Amino acid sequence: MKKMLTASVIVMGVLILAGTVALVIGIMKRADSNGIASRPVPDAAKGVLVRLKLPQDTKVRSMTRTDKGLAILVAIPGQGDWIYVVPTEGDGPIVKIAVSAE
């Protein structure tokens, strides 16, 4: 009886270990087929540096990500509020839009 109990515990341990290995392999295959594991990590050195020439006391009020760029609302002393649209995809121009309250 004792030998049978020991054998069944060993068999169950092996089955649990085999199931865990199969689960990990399945997750790795699924992640790889979805492109999660094989996506390249973005290189910070390839990023684009954008410099907006703004007066020293300019305050950034908000930033919003759009489909093709970044919209930045700034308050420029003596000039009012402006929206800068900076493209994040491609080499488009930076668009400057005056905001007026009328």
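## Overall architecture

The chain contains one helix and four strands, and when the elements are read along the sequence they follow the pattern α-β-β-β-β. The model is a predicted one, and the values given here are to be read as computed from its atoms.

Of the 102 residues of the chain, 11% count as buried. The accessible surface comes to about 9,000 Å², and 64% of that surface belongs to carbon and sulfur atoms. Among the contacts in the chain with a separation of 6 or more, 8% are accounted for by residues 24 or more positions apart.

## The helix and a surface patch

Helix H1 spans residues 2-33, and Val9 lies within this helix. Together with Leu5 and Met12, Val9 forms a nonpolar patch on the surface, and the three residues have about 310 Å² of accessible area together.

## The four-stranded sheet

The four strands form an open sheet in the order E1-E2-E3-E4, with antiparallel pairing. The edge strands are E1 and E4 (95-99), each of which pairs on one side only. From one strand to the next, the twist averages 20 degrees. As a matter of background, the strands of a sheet pair through backbone hydrogen bonds, and such pairing may be either parallel or antiparallel.

Strand E2, which covers residues 69-76, is mostly covered, since six of its eight residues are buried; a residue counts as buried when its relative accessible area is under 20%.

## Strand pairing, step by step

Strand E1 (residues 59-65) pairs with E2 in the antiparallel sense over six bridges, and within this pairing Met63 has Ile72 of E2 as its bridge partner. The connection from E1 to E2 is a hairpin that passes through three residues.

On the other side, E2 pairs with strand E3 (residues 80-87), again in the antiparallel sense, over eight bridges. Two positions illustrate this pairing: Gly69 stands opposite Pro87 in E3, while Val74 has Trp82 of E3 as its bridge partner. The hairpin of E2 and E3 has three residues between the strands, and in this hairpin Gly78 takes a positive phi near 80 degrees.

Strands E3 and E4 run antiparallel and are joined by five bridges. At one position of this pairing, Val85 stands opposite Val95 in E4.

## The loop residue Thr66

Thr66 has its place in the loop between E1 and E2. Because its relative accessibility is 34%, Thr66 counts as partly exposed, the category that lies between the buried limit of 20% and the exposed limit of 50%. Thr66 and Val85 are 19 residues apart along the chain, and their C-alpha atoms are separated by 8.9 Å. Val85 is also the residue that stands opposite Val95 in E4.

## The salt bridge

The structure holds one salt bridge. In this salt bridge the side chains of Asp81 and Arg61 meet, with an N to O distance of 3.3 Å. The pair links distant parts of the chain, as Asp81 belongs to strand E3 and Arg61 to strand E1, the two residues being 20 residues apart.

The two partners fall into separate accessibility categories: Asp81 is partly exposed, because its relative accessible area is 24%, whereas Arg61 counts as exposed, because its relative accessibility is 54%. The strands that carry these residues, E1 and E3, each pair with E2, over six bridges in the case of E1 and over eight bridges in the case of E3.

Key: Residues numbered from 1 in each chain as written. Predicted model: local features only at pLDDT ≥ 70, side-chain atom pairs only at ≥ 80, totals over all residues. Heavy atoms only, no water. Buried < 20%, exposed > 50% of the residue type's maximum accessible area, 1.4 Å probe, protein only. Pairing = 2+ DSSP bridges. Patch = residues over 30% accessible without salt bridge, like charges linked within 9 Å, V, L, I, M, F, W, Y side chains within 5 Å. Areas by Shrake-Rupley, 256 points an atom, 1.4 Å probe, with all protein chains shown as cover. Salt bridge = Lys/Arg side-chain N within 4 Å of Asp/Glu carboxyl O. Axes fitted to C-alpha atoms, helices over the stretch in contact; angles between N-to-C directions. Contact = heavy atoms within 4.5 Å.
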